[in-house]
Amino acid sequence: MMASNAKKIIARYGDGQREENRSSGDRADYIMEYKYTKRILEKYITRETSVLEVGCGTGYYGIYLADKCLKYTGLDITPGNIDLFNAKIEKMKLTNLTGIVGDATNLNVLDGQSFDVVLSFGPVYHLPPSEREIVFTESKRLCKNGGIVMFAYINKIGVYLGGCLKEPDKYPNQQKNQSILRDGIDDSRDNIYWFTMPEEMEEMAERHGLSVIENLGVDFIITPEMYSLTTDKKESWEELVDYMYASKSCTGFANHAVMVCRKD
């Protein structure tokens, strides 16, 4: 089996530069996403932890975790992403990191219960709902009993609010209500981005026998380009976003969010 939109995803990310540029860019929402996701990772990963990341891109979190975990395996469907990741591993001589090409809907190359922490930081929002279920099943299978499984996802409300704020001439309208709110899909980018809600994610975790520990927003579309502001205003915005990140009541307003589960 292969993801139904695999060719489209591979074509979008191509030689890996799109993902590499995203992680090294200066957009405030990207900076926040990585900052707060790393804050979550730090709670659950130690020097004794074995980590699998499904949908690892060009290895941003792998490089970050190199000196924080026992071993890390990054898997991605786009060969160009893995080529860049493995080039960085070789250049930095990181012996506990591995990058492999693979499909989140077919992970039979990996043995069950092999990892303390399984990260799914891409497949949930790149795959349609039926295949998202496979990602949950496989992530649970690969995680050790008592281990941690994390899923990143894109919120319907966060996406819609972002459109209303950035493109008020186009939002809101009934077409977007249908595609984003009801169908949970980005109809402007050829079926490679899918959206959900915190409640839907928690219900899915429960169906798959996973216990939700926390479910937190990691970037908020309403935040301005705060990293270009004066120091005082920037610090004030950062304090506000810290509160939003820590508050479950704000999760639904995030663009990206991370749900942390335990495999009992």
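Q: How do you know that Gly-112 touches residues beyond those up to four places away in sequence?
A: Contact means heavy atoms within 4.5 Å, and by that rule Gly-112 touches Arg-141 and Leu-142. This is a predicted model, where local features need pLDDT of at least 70, side-chain atom pairs count only at pLDDT 80 or more, and totals for chains, interfaces and linings use all residues. Residues are numbered from 1 along each chain as its sequence is written, and side-chain values use heavy atoms, leaving out hydrogens and water.

Q: How far apart are Gly-112 and Arg-141 in sequence and in space?
A: They are 29 residues apart in sequence, and 5.2 Å apart in space, C-alpha to C-alpha.

Q: Why is Gly-112 called partly exposed?
A: Buried means under 20% relative accessible area and exposed over 50%, with partly exposed in between (1.4 Å probe, protein chains only). Gly-112 has 36%, so it is partly exposed.

Q: What makes the buried residues of helix 10 lie on the same side?
A: Helices are DSSP runs of H or I with at least four residues, numbered from the N terminus (strands: E, at least two). In helix 10 (residues 198-207), Pro-198, Met-201, Met-204 and Ala-205 are buried. Their arc, taken from the directions from the helix axis to the C-beta atoms, is only 125 degrees, so they share one side of helix 10.

Q: Which residues are exposed on the other side of helix 10?
A: Those are Glu-206 and Arg-207.

Q: What do the buried residues of helix 10 pack against?
A: Their partners include helix 7 (129-142), strand 5 and strand 6 (210-217).
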